[in-house]
Amino acid sequence: MIDLRSDTVTQPTGQMRQAMADAVVGDDQYGEDPTVRELEQLSARLLGKEDAVFVASGTMGNLVALLTHCGRGDEVILGDESHIFWYESGGAAALGGMPFALLPNNEAGEMDLERVEKAIRPKGRMGYPATGVISIENTQNRCGGAVLSMEYLASLKAIADDQDIPIHMDGARIFNAAAASDTPVDVIASQADTIQFCLSKGLAAPVGSLVVGSGEFIQGARRSRKILGGAMRQSGVIAAAGVVALTEMVTRLPEDNQRARTLADGLAKIDGITIVPDAVVTNIVIFQTEPALDHVRFIDSMAAHGVRVSNYGTRGVRMVTHYQISDDDVQTALTAAREVLSSVAVAAD
Ligand code: TLP
C-alpha cells in the first residue's frame with residue numbers, strides 16, 4: 001500500500017529506534033532528563049529563540065502556546081483555514097475560554113492585513129475582549145501547504161509590534177517552508193514570538209512537537225503543559241528520536257517538496273482533475289475530482305488500486321509526500337489516478 005494520506009504516517013528510522021533504546025533519561029518534571037533538555041536546547045538554537053518545551057503533539061503545542069499568551073476571554077485572531085480552527089477540537093475555547101476572531105485566509109494562506117489591523121481590539125474598552133495573540137500557520141495545510149512570504153510576515157509583524165500583540169506561528173511544517181523558500185528556519189521564526197513545530201510529520205519521529213519562544217514565555221508554557229496533563233517523566237525515550245529527526249531528517253525535505261510537485265504536474269494532465277500545480281511548493285497536494293467523480297468514490301477507488309489518499313472535506317482530495325514515498329510511488333499513484341478517472345469517462349460514454 002502506498003500511503004499518501006499524511007506525512008504523519010511515517011515510521012521512525014532505524015537510527016531513531018537505536019537512539020530511543022540508548023537514550024539516557026531522568027525525571028523530566030525534576031528537570032533531570034538530559035535527552036529532553038538536549039532536544040529543547042537544539043530546537044531553541046535552530047529556531048533562534050531562547051528556550052523550548054517538548055510536548056506530546058502539534059495540537060498540544062498550539063494549545064500550550066495559546067493558553068500561555070492569553071487569559072480566559074482573551075481573543076485569538078486566526079485564519080478561517082487554519083488547523084487550530086478546523087482540527088483541534090475547539091480546545092482553545094473548551095479549555096482556555098478563548099474566543100476566535102476569524103478572518104478569511106486567501107489561497108496563499110494570508111489574512112488581509114488591513115482586516116488584521118482592524119480586528120485588533122482597542123485597549124481599555126469595558127465591553128471588548130482583549131486581543132491576546134495573532135495566530136498564523138506556515139506551511140498552511142488547508143491552503144495546499146502554502147508558504148507565507150517573508151514580506152507578508154514582516155508586514156504582519158510590524159502591525160503586531162505596533163499594537164504590542166504577540167504572534168504565534170503554527171509551524172507544524174516550518175522546515176518544509178524553509179526548504180521551499182530557501183530561507184533559514186530561524187529567519188522565518190524571527191517573524192513570530194512563539195512557534196510550534198512538529199517532529200512527527202515530514203521529520204518522521206514517532207511522537208512530539210516543540211514550542212519555542214523567550215525564556216520567560218517557555219517558563220509559562222511549562223505550566224500550561226502541566227495544566228493539560230502533558231508534563232512527562234522519562235520522556236527522553238521519545239525525545240531521542242526527535243534529536244535524530246532534527247539532525248538527520250531536515251536536509252532531505254526538499255525531496256518531499258519536489259515529489260509533491262511531480263505529483264501535481266502529473267495530476268494536472270489527467271482529465272477530470274482540477275489543480276493548480278504551480279501552487280504546490282511543499283509536500284501537500286490538494287485537488288478536486290468533482291464534478292467528474294465524487295471525492296469519496298475517487299478515494300475508495302484509489303485505495304482499491306493500492307494508493308491511500310485523504311478526504312480533505314471542503315478543500316477536496318489530499319496527497320502528502322514524505323520519506324517513505326519514492327519516485328516510483330509517485331508514478332504508481334499517478335497511474336492509479338489516471339485509471340480511476342478514465343474508467344469514469346468510459347462508464348459515461
Ligand atoms: N495535521 C494532520 C491532521 O490533523 C489534519 C495532517 O494529517 O495534516 N498544525 C498543523 C498545520 C497540522 O497539519 C497538524 C496535523 C497539527 C497542527 C496537529 O499536529 P498533531 O497531529 O501532532 O496534533
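Select domain 1 and domain 2 in this predicted model and place a marker at the centre of each, taken over C-alpha atoms: the two centres are separated by 29 Å. To make the selections, use residues 8-248 for domain 1 and residues 252-348 for domain 2, the two domains into which the protein is divided.

Next, turn to the place where the domains meet, and select the residues on either side that are in contact, which number 25 in domain 1 and 17 in domain 2. Between them the two domains bury about 1700 Å², and carbon and sulfur atoms account for 52% of that area. Staying on the side of domain 1, pick out R142, G144 and N176, the residues there that lose the most area to domain 2, together making up 28% of what that side buries.

Now look for polar links across the interface of domain 1 and domain 2, where six residue pairs are found in polar contact, with both residues of each pair at pLDDT 80 or more. A search for salt bridges across this interface, by contrast, finds zero.

After that, colour the helices α4 (83-87) and α8 (174-181), each of which supplies at least two residues of the side of domain 1 that touches domain 2. Which of the helices gives this side its largest share? That share comes from α8, with five residues.

Finally, colour the side of domain 1 that touches domain 2 by residue class, and you will find twelve nonpolar residues alongside nine polar and four charged ones.

Notes
Residues are numbered from 1 along each chain as its sequence is written. This is a predicted model: local features need pLDDT of at least 70, side-chain atom pairs count only at pLDDT 80 or more; totals for chains, interfaces and linings use all residues. Side-chain values use heavy atoms; hydrogens and water are left out. Domain bounds come from an automatic or database domain assignment. Contact means heavy atoms within 4.5 Å. Buried area is the accessible area (1.4 Å probe) that two parts lose on being put together, summed over both. A salt bridge is a side-chain nitrogen of Lys or Arg within 4 Å of a carboxyl oxygen of Asp or Glu. A polar contact is a pair of N or O atoms within 3.5 Å; within protein, one must be able to donate a hydrogen and the other to accept it, and residues adjacent in sequence count only if both atoms are side-chain atoms. Helices (H or I, at least four residues) and strands (E, at least two) are DSSP runs, numbered from the N terminus. Ala, Val, Leu, Ile, Met, Phe, Trp, Tyr, Cys and Pro count as nonpolar, Asp, Glu, Lys and Arg as charged, and the others, Gly among them, as polar.
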